[in-house]
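Here's a set of short exercises to work through with the model open in your viewer. Try each task yourself before reading the solution.

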Amino acid sequence: MTTPSVAQRRLMAAGFRNGAAWGTALETGAGLGALLESDGGLSRTQPYLPAKEADTPFPVEGDLGPIDPVTFAPEFTMRYDLGGLGVALAKFFGTAGNPNSQGDLMYQHTFWWDNEIYGNFVTFALEKLSKIFEVPSAKPVTFDLSIADGFLKGALSFIGNTLIDNSTVNEDTEMSAITYATRGNRIKFSQGNIYINDQVDGDVANETPLIISDLAVHYERPHDSPLKAGSNSIIEPMENGAPIVTVTLTFPRMSSINNIYFTTDFIAEVEKKILIDFIGNVPNAALPYRFKMYFPRMRVIDCKYTWDEVIPASITLQAEKAASDPTGMSYMIPVLVTDNGRTTDYLTA
């Protein structure tokens, strides 16, 4: 379809594409669509710099300064088949790799947390009224998951080099070619189970699932955003701090199961491990869609029991690197795994 001439978001398309050279846009297209619920505050800002000089009662000259880093965080409902969002997410984690066939047309993608992601960025394009807005290069820097309306919601934050609406790369033809991995298979809170035990204990998947009423997961890679001579926009950002990965679990009421977290785990600094496992429907003969997050070593950094009429509980844990793969996990740092119908590496899109 042509770029909409009616100002309604429901008519507009958006997509991501693997970047190649910082500052150079690439085309979106088939399989790269992203079903977004917001553009995350996408905007271009430049400071206005009037000439405040002697013998100038009223400014007679002014300029726009360099383009501020384009920061935006699109929001979406998580799906088992990630499409264009999977491309951006793979860039954030660093490695996705060729998926492993699980049989029955189901493939397992493992997003590994690389030590650094320099050289990893995407092109982002979306439609607005009779216009296509494009960020030629956008670096993913945070990934957040939460629960709302019974679904697993996501937000990916980016730092981009600029925002334009006159691209010669992503035009009507490219945006019209956008397709989606799926429009269904949204991940529901009711499909999730969360498991936790001590880091030194056995396979966490053998534990009884927790009774929780809310969940928040935060992944962050701090980045800089410097300018350089001869350019009006930032160079590719580089990580300038240690990663931050946290999980917050909210329990609907204090119980004999969660009241031990304060003394036994928070005060005593007992390390834990966590598995978050969402299991979707079964599209083929036997295997369901799946979305899993592994946290091999987690330290309790906050524990609360709010004194309400019904006393709830919450616990926040922060990730550290394990000394070795704990029992039941093949990872020492956080890993995300999804089983879906995609047959190729998300980083090849």
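**Exercise 1: Overall fold**

Among contacts in the protein (heavy atoms within 4.5 Å) between residues at least 6 apart in sequence, 73% join residues at least 24 apart. Before going on, a word on ground rules: this is a predicted model, where local features need pLDDT of at least 70, side-chain atom pairs count only at pLDDT 80 or more, and totals for chains, interfaces and linings use all residues. Residues are numbered from 1 along each chain as its sequence is written, and side-chain values use heavy atoms, with hydrogens and water left out.

Task: work out how many helices and strands the protein has, and what its radius of gyration is.

Solution, step by step:

1. Take helices (H or I, at least four residues) and strands (E, at least two) as DSSP runs, numbered from the N terminus. That gives three helices and 19 strands.
2. Get the radius of gyration over C-alpha atoms, and set it against the globule rule, 2.2 Å times the number of residues to the power 0.38. The protein comes out at 22 Å, close to the 20 Å given by the rule for 349 residues, so it is as compact as a globular protein of that length.
3. Along the principal axes, the C-alpha atoms fill a box of roughly 75 × 55 × 40 Å.
4. Call a residue buried under 20% relative accessible area, exposed over 50%, and partly exposed in between (1.4 Å probe, protein chains only). Of the 349 residues, 48% are buried.

**Exercise 2: Empty space**

Task: find which residues are closest to the centre of the largest pocket, and what volume the largest cavity has.

Solution, step by step:

1. Set up the search. On a 1 Å grid over the protein atoms alone, a cavity is a set of points where a 1.4 Å probe fits but cannot get out, while a pocket is an open set with protein on both sides within 12 Å along at least five of seven lines; lining residues have an atom within 4 Å of a point. Points are joined across faces, edges and corners, and a volume is the space filled by probe spheres set on them.
2. The largest pocket has a volume of about 600 Å³. Its lining has 25 residues, and R9, R10, M12, A13 and L36 are the closest to the centre.
3. Ask which elements contribute: β2 (36-38), β10 (122-128) and α2 (172-176) each give at least two lining residues.
4. Sort the lining by class, with Ala, Val, Leu, Ile, Met, Phe, Trp, Tyr, Cys and Pro as nonpolar, Asp, Glu, Lys and Arg as charged, and the others, Gly among them, as polar. The largest pocket gets 12 nonpolar, three polar and 10 charged residues.
5. The second largest pocket holds about 340 Å³. Among its 15 lining residues, P209, L210, I211, F251 and I257 are the closest to the centre. Its lining splits into eight nonpolar, four polar and three charged residues.
6. For closed space, there is one cavity of 30 Å³ or more. The largest cavity has a volume of about 110 Å³, and L35, R79, D81, L82 and L85 are the closest to its centre out of 14 lining residues. That lining has eight nonpolar, four polar and two charged residues.

**Exercise 3: Salt bridges**

Task: count the salt bridges, then say where K131 and D165 lie.

Solution, step by step:

1. Look for a side-chain nitrogen of Lys or Arg within 4 Å of a carboxyl oxygen of Asp or Glu. You should get 14 salt bridges.
2. One of them joins K131 to D165, with the closest N and O atoms 3.4 Å apart. K131 is in strand β11 (residues 131-148) and D165 in the loop between β12 (151-160) and α2, so the pair ties together parts 34 residues apart in sequence. K131 is partly exposed at 37% relative accessibility, and D165 is partly exposed at 33%.
3. R221 pairs with E239 at 3.2 Å between the closest N and O atoms. Here R221 is buried, and so is E239.
4. E320 and R299 come to 2.7 Å between their closest N and O atoms. E320 sits in the loop between β18 (313-319) and β19 (335-340) and R299 in strand β17 (residues 290-304), so the pair ties together parts 21 residues apart in sequence.
5. Now zoom out: E269, E271, R297, R299 and E320 are linked in a network of salt bridges.
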